[in-house]
Amino acid sequence: MDVKGKTVVLTGEFKAFKRSEAEKKLSALGAKVTGSVSSKTEIVFAGSAAGSKLDKALALGLTVLDEAALIAIFEGKTVAAKAAAGPAPTNSSDPPTSSDSSAEISAAVAACKLDAKAARDALGKVPWKTVTPAEVATLRDALLELEERAGVTDAHRYVVERLIERNARMLNPFAHESERVAWGRSPNGRYLAVGSWVGDDYERGGTLVIWDVPAARCVQVVDPVSGGVGWPDYRKQLQWSADSARLGVGINTNGVAMFDLFSDKPTLLDEAYVTDGWSRPPAWALSPDGGRAFISCWSGHEVPGAIASFAGDARRRRTPYGHKAAAAATPMAKTLSAAVKKKLDGSELDAPGDVFWGGDGAHVFVRCGSYFGAIDSKKGQFVWFERGSGVGSFSPDGRFVAWGDGALAIGSALTGETHEIKKWPLGSSALHVWAMKGSVARLAVVAAGAKAGIAVVDDGALACTIKSTPRGGRWEGAMRETDLSPVSWSPDGARLAILTANSQVEIWDVRADGAEKIAGFAAPDAAEGVFFGADGVLVLAGRGLVEFVRVRDQRVLGTFALGVEPPTAPRPLELDGEDLASGQHPTPMFALDDTAWLCAFDVGVIVAPPALAERAVEAMGWSFERRVAVPARWGGVEVFSEPAAVNKSSKPPKGVPWRKFKAGSATTEAKAWPPERAVTMDELFSFAADSVAGVSRGWSSFASDKLYSAALLRAYRREWTAIPRLVDAITEGHTRVCAAADVATLAARAGESAFADTLLDRALAEELGARTEWNEPFIDPSIAAALTARGRSKTDARARFDRAISWQSRESNPGQNRAVLARAYARCGMLAELRALLVDPATASMSTFYTQPLARQLLRIGADDELVAWIRAQKSSDWSFSNSIVTAIVEAGRSAVLDQLADVLKANVTPEARAQCAANARVVRPLTTMTDEARAELLRQHAEWLAQPRARRSYNARNLAEWAAQNGHLAAALDLLAPLPTNDANMRPAAAFAVLFIAGTGGREDIW
């Protein structure tokens, strides 16, 4: 390489010389040596411990050379130039197809065509220590043909034994514990990646499963993936590198990760977080080499996006939180060009909603709202920018762009110049699917409407049309919301698979002069999309289905129903009340139907009832070096009917105390539901208080507020002796002071003077230590109300009320302080002051977070006139405010108040709301009986809940428990909540208090 005239940068440490010496030598050779990397830099020489300069060079795609290359240049030797691509994959997804054993492999393949004995003899001569995954795939295909003629033979079993000796593992393809939301076929068609999102435990995350498509078996399971894979209804969250060796994955809400799947030790190379906390996945695109990703974001630059370079394990950085790798990211250009601004005509440029990285790596193509453009991946500026329409897309090689509402406009992706295809034969395009057939860029345009069909466009010219109507659904429209497409090209671009509207699969051979339908067969009802894989194998996929079909004879190679949940079946690995499977990643648990749970371990052990044993083995495969799979039915699998028998295995899986299981323990019957027993309010109070005892310090404010509300509910019920224990449990000082003062107010007005004095004195004694500038607006109104109710120190009470009034403007949301003051006035009976405060126009700023609890309190104390005056004084037409007030009135069963305010609350006062309000007036809390209709509905909802994945049940258990409590079945509510974790306040703690408040007041939460 000649460095004369080239702009070069040195970074890192060099062993053979100092950096200053190298700079002098380069300058002597005519190079221009600079200290910073930019788009003008032509070569970067990187030594060890290179830092941000190397990151930027990788992000810009610059030529990066190491110390050996630099020494060679100094010695006058030839050095090949190459663009940086990040860390190279350790192994390709398609390893060498030959080895020292190639002759023996060929002989074994030929023998498989003869008979089982010849095959076994030939396989015995194969040097198995050197066999490659590609050779195993060749043998597998030959053995599959032998199996079709002779069944499973000694030859099949012999191969499995040799692969197990090479550390082949049996993988469970049902490892997803949550909903599957992302799909991605590798460019070579050999692999399909399927990713699942998070369940109830966000940090536990999701699962990534890689399928060997020709084998119809799983070859890799990555679990857990923290934060989950992808997001529901967000597409392109699984993207493969051009060589099918690396996989880019959208993870953890707004991150992009790079997985090196086929290295000796598959690993997450790096992660990139550049969106500054977006709550949904950004659009992104993986570079063809898999070393970088363009990520849509607002970075302070006018061209919205950044290029992240994946550094690999040796150079992974940490975020300030210390637990995430942080790939270096380079923002795009700081300002838009004048030409782009002129086309925008003053409007703001949207962040890219769809991104594609061109085949040569030089350009990133984007769709920003209704605009399309190409960005120079080195300079970060738009090369061209044009307004498009309808569906838009770019060819895989980066040569063509296409868009259109009616006729299709297609042209150069390098210039943005397009033309409409003359005599466009179809209607509006709804979906674009690209492929490369050799050097030809081939586009299938799916048209919707009256002229539905598919048009094939080769290198920008209309080639032919196909009279077929693909299945519609959520992919219709300008942007598909799922990776499940009804149309897929074969990896070589020669054939097209179509999932039709009448649930058929059609295979079309597409030539330059037309298309011919060569196969057709019925598709399963659960299929939502199709992927055309390698070796003529199709994958029919849905959110609960993966089915593999061989095109040449329509033979189903494997059908896998995902996410099946046996509703009442016992878990085989439950021991002494603990589910031992819950801590294993990936989970060994799976189900084939709704009758039983099974479990499978990678050493080849399966626990399954006899009736399901054969099906369980059929679903499994042996994965060899994470690249190729063979069916588990060929051998090496031990099946046991129950965990107690696994101890007899020659290879019992580690991590499970098999000897502790007793024979027959997995056949216990499920308990009857719902439980039929009486539940007292005291039990509900204890259950709720116990649920917050285990929350961490980070939830102390939450726990204190809940205990505060419980103490007030006890006071409302005149249960004075139980209150001090609740107040004592409050850890937040100011909340404890407010709770003591507020309960004192209610006790004083109920005639419990001695009790009121005790709590008021406690509040006054603890006030000084708890008071801060932030919480003064809370403490003063509570103590002032208590002083007023007890008739003590009227001067002090008045001063405190005056201070509370003056602090209304301190909070950025003054409605919060007004709500606190209003509740204090209501609590101590100062109705005139309450009315004046409520009708003040400034009170209209109060959010529904405060208005609904205040409305409930006014209704409870009978301050109907004050409530009506307040609502009539509102000038806001905010729907959420009106809805929250109607909800409070309906829950209280106050039909007269609802009638009074019907002309103000308008559309929210529906006939249904009136009927429910009248019904609630007849309810006495706690409601402890359930109607027959409600019981039937409870059982229906419970059965539906049981059919959900266990990883997604906790939040739904909360909702069902609250519904049960609202309808009078408190025992069912507690049964649903008891298993929920207490260390997460959003789980059992929040739901326990919601059930308590529902039982006590009819509303799910009430701080009043």
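In the predicted model, strand β22 and strand β23 (residues 400-404) are joined in the antiparallel sense, with four bridges between them. Within this pair, F394 lies opposite V401 of β23. The two strands belong to an open sheet of four strands, arranged in the order β22-β23-β24-β25 with antiparallel pairing. The edges of the sheet are formed by β22 (391-394) and β25 (418-420), each of which pairs on one side only. On average, neighbouring strands of this sheet are turned by 20° against each other, direction ignored. In general, the strands of a sheet pair through backbone hydrogen bonds, in either a parallel or an antiparallel manner.

A second region of interest involves helices α18 and α20. Helix α20 spans residues 864-873 and is mostly covered, with seven of its ten residues buried. The buried residues of α20 are D864, E866, L867, V868, A869, W870 and I871.

Residue R835 is located in helix α18, which comprises residues 831-839. When residues up to four places away in sequence are not counted, R835 touches D865, E866 and A869. Two of these contacts, E866 and A869, are among the buried residues of α20. R835 itself is partly exposed, because its relative accessible area of 34% falls between the limits of 20% for buried and 50% for exposed residues. With respect to Q874, which is 39 residues away from R835 along the chain, the separation of the C-alpha atoms is 13 Å.

Methods: Residues are numbered from 1 along each chain as its sequence is written. This is a predicted model: local features need pLDDT of at least 70, side-chain atom pairs count only at pLDDT 80 or more; totals for chains, interfaces and linings use all residues. Side-chain values use heavy atoms; hydrogens and water are left out. Buried means under 20% relative accessible area, exposed over 50%, partly exposed in between (1.4 Å probe, protein chains only). Contact means heavy atoms within 4.5 Å. Two strands pair if DSSP finds at least two bridges between them. Axes are lines fitted to C-alpha atoms, for helices over the stretch in contact, and angles run from 0 to 180 degrees between N-to-C directions.
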